[in-house]
Amino acid sequence: MSPVPSPAFVVPDALVASYGAPDDARGRAWLAALPGQAADLLDRWGLRRDGPAGSGMAGLVLPVVRADGTPAVLKLQPPSAENSGVAAGLRAWDGDGVVRLLDSDPVAGAQLLERLDAGRPLSAEPDGTVAVGVLAGLMARLSAVPAPQGMRRLADIAEAMTEQAPEALLLLGDPAERELVRTCAAAVAELAGEAGDRLLHWDLHDGNVLAGEREPWLAIDPEPLAGDPGFELWPALDIRWENVVAGGVTGPVLYRFDLLTEVLGLDRRRAAGWTLGRVLQNALWDIEDGRTALEPAQVALAATLLEHRS
């Protein structure tokens with residue numbers, strides 16, 4: 001028996017803002033096709049709607065129930081290089097510390113996922129120390145898994161960053177910031193020959209961890225990458241920056257960095273170098289977006305690690 005047809009839904013405003021710009025023909029086409037694509041997947045996978053549509057900036061999230069009564073989530077986003085490895089990464093992790101993949105359609109950019117408690121993100125945990133500890137434990141588990149064949153490689157990203165840095169840094173207005181970008185690029189160049197082969201989440205911060213039933217906390221929304229686990233640390237170092245600044249930057253940053261490197265079993269100097277690589281990556285993205293100054297948090301974090309990385 002076919003499931004009862006699900007009612008139409010309104011595309012969330014956040015997705016319209018992300019993909020509805022007049023000059024984004026591909027994004028607007030995806031938005032226009034989205035209701036029909038979702039209806040097709042609901043029918044094909046025997047799902048029924050179980051709540052209002054939600055979204056992040058990048059994708060639609062529909063609470064659903066499977067034919068056997070199991071609650072799940074249908075997620076759709078435009079296929080891209082950034083999310084091309086998500087299904088393979090989730091299969092490799094097989095639910096160990098991360099949301100479980102139940103089905104996928106890579107052509108449609110669709111994933112059927114285990115349903116977690118979206119109302120209880122780790123970002124709502126009042127104790128920042130607890131949050132960093134949870135992130136450290138999840139990072140250690142996720143990065144223990146070897147990356148499957150065909151995954152994007154940190155080695156390639158590192159090479160591209162070091163090639164782009166000399167020209168990009170000239171667009172920064174502050175000479176000290178230009179020198180910082182040179183230093184970050186040199187750190188990446190030093191490590192690029194041994195960029196690692198572990199399966200990385202790449203965006204593991206407290207907003208990308210939700211409470212679950214089978215485990216207290218599970219990661220969501222990976223952007224899988226094959227590389228060195230030291231490249232994973234920056235999001236956990238950067239969370240709740242207003243609290244870090246209020247208490248003085250050096251102590252909190254070093255506490256977090258020492259905790260993360262200890263739990264993951266990382267060499268501190270290599271981990272610091274790869275974290276400087278994340279600062280470089282963020283700087284290049286900001287410069288590409290037309291900014292002529294680095295984010296103060298990036299400068300403070302990089303300066304702290306440069307002073308204490310040995």
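## Strand S3 and its partners

Look at arginine 48 to start: in this predicted model, it sits across from valine 65 of S3. That pairing belongs to strand S1 (residues 48–49), which runs antiparallel to S3 and is joined to it by two bridges.

S3 has another short partner in strand S2 (residues 54–55), again antiparallel and again with two bridges. Here glycine 54 is the residue facing valine 61 of S3. To get from S2 to S3, the chain makes a hairpin through four residues.

## On to S4

Strand S4 (residues 71–76) also lies antiparallel to S3, and six bridges hold the two together. Within this pair, valine 64 is opposite alanine 72 of S4. The hairpin between S3 and S4 has five residues between the strands, and glycine 69 there adopts a positive phi near 90°.

So how buried is S3 (residues 60–65)? Five of its six residues are buried, so the strand is largely enclosed by the rest of the structure.

## The nonpolar cores

Now for the cores. The largest nonpolar one contains 48 residues, and Leu90, Leu204 and Leu233 make the most contacts inside it. Its top contributor is helix H4 (residues 128–143), which puts in eight residues.

Leucine 90 is worth a click in your viewer. Setting aside neighbours within four places in sequence, leucine 90 touches Gly95, Val98, Val99, Leu101, Gln111, Leu113 and Pro222. There's also a second core, separate from that one, with 29 residues, among them Ile157, Ala165, Leu169 and Ala283.

Notes:
Residues numbered from 1 in each chain as written. Predicted model: local features only at pLDDT ≥ 70, side-chain atom pairs only at ≥ 80, totals over all residues. Heavy atoms only, no water. Buried < 20%, exposed > 50% of the residue type's maximum accessible area, 1.4 Å probe, protein only. Pairing = 2+ DSSP bridges. Core = buried A, V, L, I, M, F, W, Y, C linked by side-chain atoms within 4.5 Å. Contact = heavy atoms within 4.5 Å.
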